[in-house]
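User: Please take a close look at the salt bridges in this one, then place them in the rest of the chain. Keep it informal, but give me the distances and the burial.

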Amino acid sequence: MENWSLFSLCVLLGLTSRWAVSFHSYSGAGKPPMFGDYEAQRHWQEVTYNLPVHEWYFNTTNNDLNYWGLDYPPLTAYHSLVCAYVAKLLNPEWVELHASRGYESHSHKLFMRATVLFTDILIYIPAVLLYCFYFCDGFSKQKVATALCILLYPGLILIDYGHFQYNSVSLGLALWGILGLGLGWDLFGSLAFTLALNYKQMELYHSLPFFCYLLGKCIKQGLIGRGFFQLAKISLTVLVTFALCWMPFLSDPKQPLQVLHRLFPFGRVLLLCLLQFWFSLVAMAALSFTSVWLEPPAKFPDLFPVLVSILSFLHFLGFIIYFNLVQLMEPQRKKSQKKTN
């Protein structure tokens with residue numbers, strides 16, 4: 001019962017952080033003629049509701065593909081259609097053909113944010129909880145900490161609830177696919193995986209170059225690095241860091257050093273991992289503050305995104321080195337355990 005209470009607390013923190021970020025502005029707010037991804041998602045609701053299916057992907061008098069043409073797979077379009085039916089009930093102006101282009105209002109923003117949150121509650125969050133409960137190793141409280149880290153992951157929250165996307169749909173479907181196959185629901189798992197791949201195949205193709213470009217532009221133009229996302233980014237990062245620091249001590253809080261030795265069984269490797277952890281925190285804090293208070297040199301306008309990429313690569317490299325060291329030294333550890341026994 002205690003574990004389910006902790007899982008409920010994780011969900012509450014996840015939902016609260018998402019809704020708090022949603023109070024910020026969104027991509028392209030008040031910036032005609034194309035506005036931004038928020039308008040793209042609204043426009044797809046307009047198109048799917050007012051036009052027959054065979055016109056969704058073709059340039060016609062009523063469907064100008066140069067204005068946020070629908071270029072994601074059909075599952076995305078049907079998701080937009082479901083949202084459009086709700087929008088039509090609440091306010092027909094939100095999806096009125098042609099006349100609703102660039103529509104912006106507080107009530108519409110609330111509706112759009114709510115569609116993302118409802119999708120998370122329906123698809124993504126249950127999949128995360130079940131995945132952590134059934135497939136993550138460790139004690140129950142360690143599974144709770146893992147769920148907390150996933151639900152508070154800043155990248156997904158800032159893109160979906162700040163910039164405005166529905167990325168959690170595809171991730172949730174992929175997790176349901178893993179759950180289905182892992183628990184023996186082969187048909188369900190295969191269907192979920194197929195839907196996830198269908199949802200993401202075109203989305204990934206279009207979004208990867210865009211988001212690589214977006215990070216540099218947002219920092220340069222003051223949308224993420226200096227602007228309204230800064231508080232949300234720092235707050236979420238602090239929460240996730242706290243969860244990561246908390247996790248190693250959950251199995252035996254009275255003996256934290258022994259817990260660390262079990263996670264990092266070799267003295268020098270343990271020392272390197274601890275040093276890397278503290279270096280990571282210091283570097284992350286330094287990058288966050290310098291990107292807020294300092295202008296990049298004119299010759300290197302994308303300096304901060306490049307530094308973030310380098311730091312991320314170093315983390316990945318450190319993990320690969322640690323993983324290979326553990327694999328190489330595993331036979332030695334087993335021999336020493338046999339001698340001790």
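Analyst: Let's fix the term: a salt bridge here is a side-chain nitrogen of Lys or Arg within 4 Å of a carboxyl oxygen of Asp or Glu. Keep in mind that this is a predicted model. By that rule, the count comes to 3 salt bridges. Side chains of opposite charge can pair when their charged atoms come close.

Start with helix α2, which covers residues 37-50. Arg42 meets Glu39 there in a salt bridge, at 2.9 Å from N to O. Because the two sit 3 residues apart in α2, about one helical turn separates Arg42 from Glu39. Arg42 also meets Glu46, this time at 2.8 Å, N to O. That second pair lies in α2 as well, 4 residues apart, again about one turn of the helix. With a shared partner, the salt bridges join Glu39, Arg42 and Glu46 into one network.

Are the members of that network buried or exposed? The cut-off you need is that buried means under 20% relative accessible area. Arg42 has 0% relative accessibility, so it counts as buried. Glu39 is at 2%, so it is buried too. Glu46 comes out at 1%, and therefore also falls in the buried class.

The remaining pair is Arg18 with Asp120, whose side chains meet in a salt bridge at 2.8 Å, N to O. This one links distant parts of the chain: Arg18 belongs to helix α1 (residues 2-22), Asp120 to helix α4, and 102 residues separate them. Arg18 and Asp120 are both buried.

Asp120 brings us to α4, which runs over residues 106-135 and also holds Thr119. Thr119 is at 8% relative accessibility, so it counts as buried. Its side chain reaches the backbone oxygen of Thr115 at 2.7 Å. Leaving aside residues up to four places away in sequence, Thr119 touches His79, Tyr124, Tyr166 and Val169.

Further along α4 you get to Cys132. Its relative accessible area is 0%, so Cys132 is buried. With residues up to four places away left out again, Cys132 touches Lys143, Thr146, Ala147 and Ile150. For the last of these, Cys132 and Ile150 are 18 residues apart in sequence and 9.4 Å apart in space, C-alpha to C-alpha.

UniProt has something to say about this stretch. An unreviewed entry lists residues 110-132 as "transmembrane region", along with 144-161, 173-197, 204-224, 230-249, 269-294 and 306-325. In the model, residues 110-132 are 100% helix and 0% strand, with the end C-alpha atoms 31 Å apart. Residues 144-161 are 89% helix and 0% strand, and there the end C-alpha atoms are 23 Å apart.

Helix α6 takes in residues 154-164 and is mostly covered, with 9 of its 11 residues buried. Among the buried ones are Pro154, Asp160, Tyr161, His163 and Phe164.

For contrast, look at the nonpolar surface. A nonpolar patch there offers about 1,100 Å² of accessible area together, and its members include Phe279, Val306, Phe313, Phe316 and Leu325. Which helix gives the largest share of the patch? That is α12 (residues 303-340), with 11 residues. Phe313 is found in α12. Its relative accessible area is 49%, so Phe313 counts as partly exposed.

Zooming out, the secondary structure comes to 12 helices and 0 strands. Buried residues make up 41% of the 341 residues in the chain. The accessible surface is about 19,200 Å², and 71% of that belongs to carbon and sulfur atoms. Of the contacts between residues at least 6 apart in sequence, 73% join residues at least 24 apart.

Back to your request, then: Glu39, Arg42 and Glu46 form one network of salt bridges, while the Arg18–Asp120 pair links α1 to α4.

Key:
Residues numbered from 1 in each chain as written. Predicted model: local features only at pLDDT ≥ 70, side-chain atom pairs only at ≥ 80, totals over all residues. Heavy atoms only, no water. Buried < 20%, exposed > 50% of the residue type's maximum accessible area, 1.4 Å probe, protein only. Contact = heavy atoms within 4.5 Å. Areas by Shrake-Rupley, 256 points an atom, 1.4 Å probe, with all protein chains shown as cover. Polar contact = N/O pair within 3.5 Å; in protein donor to acceptor, adjacent residues only side chain to side chain. UniProt positions renumbered as here; feature names shortened; annotations may be inferred. Patch = residues over 30% accessible without salt bridge, like charges linked within 9 Å, V, L, I, M, F, W, Y side chains within 5 Å.
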